[in-house]
Amino acid sequence: MATTSEDPVESVKKEPGSCQYDKQTLVAVLQFLRKHNLKGTESLLKEEAKVSEDDLKTEEDKKTEVSQALAAVYKSDDDPSLFEDLYQDLKTFIDSCLDVHKVELSTILYPVFVHMYLELVYNGHQWNASQFYSRFWQDQDEHRHEDLARLTSVRQKEHMVGSDNQLLESFKTSKFILRMSRDSYTHLKRHLQEKRLSSLLTIVQDHLFIDVFDGVPRTQQQIQASGGGLTGEVDRDANKAKVLYGLLREPDVQIALDDDEEGGDGDEKPKKKKSKKDPLLMKKSKNDPNAPAPTRIPLPELKDQDHRDRALGFREAKKRVKLDHNHLPSICFYTFVNSFHGVTCVDVSDDSSLMAAGFSDGNLRVWSLTPQKLRSMKGVDDLDIIDKEADDVMERIFDDRTATDFKSLSGHKGAVYSASISPDRAYLLSASEDGTVRLWSLQIWSNLVCYKGHNFPVWDVRFSPHGYYFASASHDRTARVWATDHHQPVRIFAGHLSDVDCCRFHPNSNYVATGSSDNSVRLWDMLNGSCVRVMTGHKSAVHCLEFSPDGKFLASGGADSQVLIWDLATGTMVAQLLAHTSTVYDLCFSREGTMLASGGLDDSIRVWDMQKIMAEQDTEADPSIPSNITINDSASLLLGSYFTKNTTVLGLHFTRRNLLLACGPFVAPS
Amino acid sequence: MAAPLKSSPKDAQVMSAILKDMGVLESEPRLINQMLEFTYRYVTDVLDDAKVYSNHANRKTVDADDIKLAVQIKTDHSFTTPPPKDLLLEVARQKNSQPLPLVKPYSGPRLPPDRYCLTQPNYKLRTVKKPRSVQYGLPMSQKIGLVSQVKPMLAPSLTVVTKSLHQPTVTILNKAQSTAKPTVRVTPGLGALGASGLSRIISSGGGLGGLTSTGQASVQPAAASTSLLSSTAVVSSSSTPSLTLSSTSTPGLSGISTLPSSLPTTGVTQINPLKRKLEDDDYDI
């Protein structure tokens, strides 16, 4: 490292901006003179300007060192003052286009701005970079301001070398993807080539990827809806793979009353099946082409207890309240008082009998939501003497002397960020800031396993609807799938550009959806770990996901207070639900999928009409052409808004009878 | 809340200016204090390290070089970032190329092998090697370990209290001969036993709520002649499939509610659990 002459250079850099500007031109002039062998002029100029030989050397040395490290991503010899003019020129060109092209072309301004800024910084033109930034940053979209603020912390070349700034890494390594219609693209290309704006052209070629489609240019609404990803949108190949979104074939229910097995008899008794949509019943009993084979991924077999649970579930389903736009759900709210910002997550079991909450001090608590208290299992000797063939053996194994209303579970070293109760109510999983996921037994109330794999905070953990598998989402930009009997993950889903904030299993357990801080939602295949869908549209981090009960739709909610509905068959957005005024923390579909409830930081629960969305969905349009997609964002989709007093809504859950349970901490206004 | 008072020290004003620059417009007042503390600690650490490096290079003063090295080492050490994308993709590719493992049917609670679980007993019983013949039906010579149980997850502050009994009273019943009514009578340290010579220690269930409850070790019916408490593996073999949930229970250490909680002191050399010296074969904490 050429360090001997560091000090003079450093001292020079400390001078106020204007001197630095002169210095750089001076150095540039000197280099020009040197190149053309004008030695006499060079030495004279050097003497007059009092520039030492060392200054020149170090500039070049530095450039080569850093460029070796960085593979010269941004190296350019352009005059820094040109950049501002180039950008302004681009803006005026776009304004002069026809309206149809204007909206599409204006999407190019953000990535060009970012890359121009980074190029200026890389080549050492710090003053120019800050001028450029301050002149044009306010023109960018609102939702980009946060990313831009993070980018401004990079002011010198040295900042770019270290890999601390992940946003920078994403911009450096991945290309920004734009989708444009052919007409707009030809306009742009013609303009760039005519004016011979070579530097702009190089930027566009190196850092942008423009996916051209043949069709009508998109409208402002369409572009706004799908824009927002950290590195732009997605190209057409990302959503090409076939997704088997159908539900698995329901196993025969042998135990209990008058429940039927085969769907062939579905005509007579349509209500007795667990299916959420009765008309689909007939289709399901025959081979659903969109459903995966039951053996596609290994799933645990059903035990007697599971069959009994299912029979109970069917019985409950018969008494379900039918929800539609005329029959809104009743909401029962569980408020955590005196929690002092301690409650971080809530989960309710599928049969609505248990509620688990995680706290920021690392503890978990489980409450019973039914009059039945929580009991612990008897000791070994007591268990020996009970009659194992008795019908109520499951009652007898529990010791009534330990019955309490709630149980506490301690073990984590850091805040618990997510909890998930298994479908058979035997286990509880918790994900924590200390990077571990712990499995707790809800029968002996102790910690069974500690899964260590992520070395960074785990933001979300979720059991699969069939038990046995669970997924965890972490700060290390991966989501991992584990099986309870393996101490290491069985699948790793890597591909997000920023931390993965939430993960959910599809009802058929074959797919996992993840939402991330890079504003995208991805769908991963359990079989081979590949990413089958990438969906952009959120303008900020995605905090919650939920699959519809029939498996066709995915709802996502985020920090941008939007709730978006995606069609999994095509990967396109179906509806954009805008009513929340702050982050959306949880979503829940009603049991038959006709209603969607969302709740969040704005202390409200909003109920949306899913039935209408499904009815109005345009299934004829060709999804490969982005301009054909119609997004439903009408205000009539909002069926009701229910406000609490200063209580953030953290968890939502529809019981089997379609009563909506909500949970949240009461946060006293300061 | 963001701007400090004019009378606050210059450092605090600089810090709030930095915060404003980075986009933090509103913050609690103690944030400035926290940031200043962090800055002070970080800078002193870096300068200390730089001094060490310059000493190592036999220089009299601290150079910019040393500072740079110190900063670099500190960032590598303290501020770790998640692994780079290409590494993640490579690891994921390798992992995902293996097919999903098959699910073993009828395997009870599906947990990893015991050494990856937290279900093992985190204590060890000490036995005395007294050469006494073991006759079925007569009191056996053995030491009963009284263990104080704590929550198994964190560092267990175990104290293993051993009681030497001249004629221990605990015998283990074989399953085939279970008495109709289990007696909860334990008379440790006394010569006289019940008429049948058989008594049973019964541990009540679910004692994980209490922290340091002294309990008596429950001895497996199956392990009739050994005096050590066997691990959970033995428990699982004796239970039937329908009660699989019990098979992985932690060994039944729990408070006995029917027995007096204090140790019986009659005629026994009792060792106070809190004051016992640590001995060689104690379980490492």
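**Walking through chain A: WD repeats and the packing around H7**

Let's start in residues 336-377 of chain A, where the chain is 52% strand and 0% helix, with the end C-alpha atoms 28 Å apart. Keep in mind that this is a predicted model. Residues 409-443 of chain A also have 0% helix, with 54% strand, and here the end C-alpha atoms sit 12 Å apart. Both stretches carry the label "repeat: WD" in an unreviewed UniProt entry, which also puts that annotation on residues 451-492, 493-534, 535-576 and 577-611 of chain A.

Now zoom out to the domains. The assignment splits chain A into domain 1 (23-57), domain 2 (76-218) and domain 3, the last one pieced together from 331-339, 424-621 and 629-665. Between the C-alpha centres of domain 2 and domain 3 of chain A there are 34 Å.

Next, the helices. A handy one to follow is H7(A), residues 109-122, and a good partner to begin with is H5(A), residues 81-96: the two pack at about 175°, axes 11 Å apart. With anything over 145 degrees counting as roughly antiparallel, H5(A) and H7(A) therefore qualify. On the H5(A) side the contact uses A:Phe83, A:Leu86, A:Tyr87, A:Leu90, A:Lys91 and A:Ile94, while H7(A) brings A:Leu109, A:Val112, A:Phe113, A:Met116, A:Glu119 and A:Leu120. Sorted by class, that's 10 nonpolar residues, 2 charged and no polar ones.

Then there's H8(A), residues 126-136, whose axis comes within 8 Å of that of H7(A), crossing at roughly 160°. That angle makes this pair roughly antiparallel too, and the crossing is left-handed. Here A:Phe113, A:Met116, A:Tyr117, A:Leu120 and A:Val121 of H7(A) meet A:Asn128, A:Ala129, A:Phe132, A:Tyr133 and A:Phe136 of H8(A). The tally for this contact is 9 nonpolar residues, 1 polar and no charged.

What angle do H7(A) and H13(A) make where they pack? It's about 105°, with the axis of H13(A), residues 198-207, lying 10 Å from that of H7(A). Since 65 to 115 degrees counts as roughly perpendicular, that is therefore how H7(A) and H13(A) are arranged. From H7(A) come A:Val112, A:His115, A:Met116 and A:Glu119, and from H13(A) come A:Leu200, A:Ile203 and A:His207. This contact divides into 4 nonpolar, 2 polar and 1 charged.

One residue to pick out along the way is A:Met116, which turns up in the contacts of H7(A) with H5(A), with H8(A) and with H13(A).

Methods. Residues are numbered from 1 along each chain as its sequence is written. Chains are lettered from A and ligands numbered from 1 in the order in which they are written. This is a predicted model: local features need pLDDT of at least 70, side-chain atom pairs count only at pLDDT 80 or more; totals for chains, interfaces and linings use all residues. Side-chain values use heavy atoms; hydrogens and water are left out. Axes are lines fitted to C-alpha atoms, for helices over the stretch in contact, and angles run from 0 to 180 degrees between N-to-C directions. Helices (H or I, at least four residues) and strands (E, at least two) are DSSP runs, numbered from the N terminus. Angles under 35 degrees count as roughly parallel, over 145 as roughly antiparallel, 65 to 115 as roughly perpendicular and the rest as oblique. A crossing is left-handed if the near helix is turned anticlockwise from the far one by less than a right angle, and right-handed if clockwise. Contact means heavy atoms within 4.5 Å. Ala, Val, Leu, Ile, Met, Phe, Trp, Tyr, Cys and Pro count as nonpolar, Asp, Glu, Lys and Arg as charged, and the others, Gly among them, as polar. Domain bounds come from an automatic or database domain assignment. UniProt positions are given in the numbering used here, feature names are shortened, and annotations may be inferred rather than shown by experiment.
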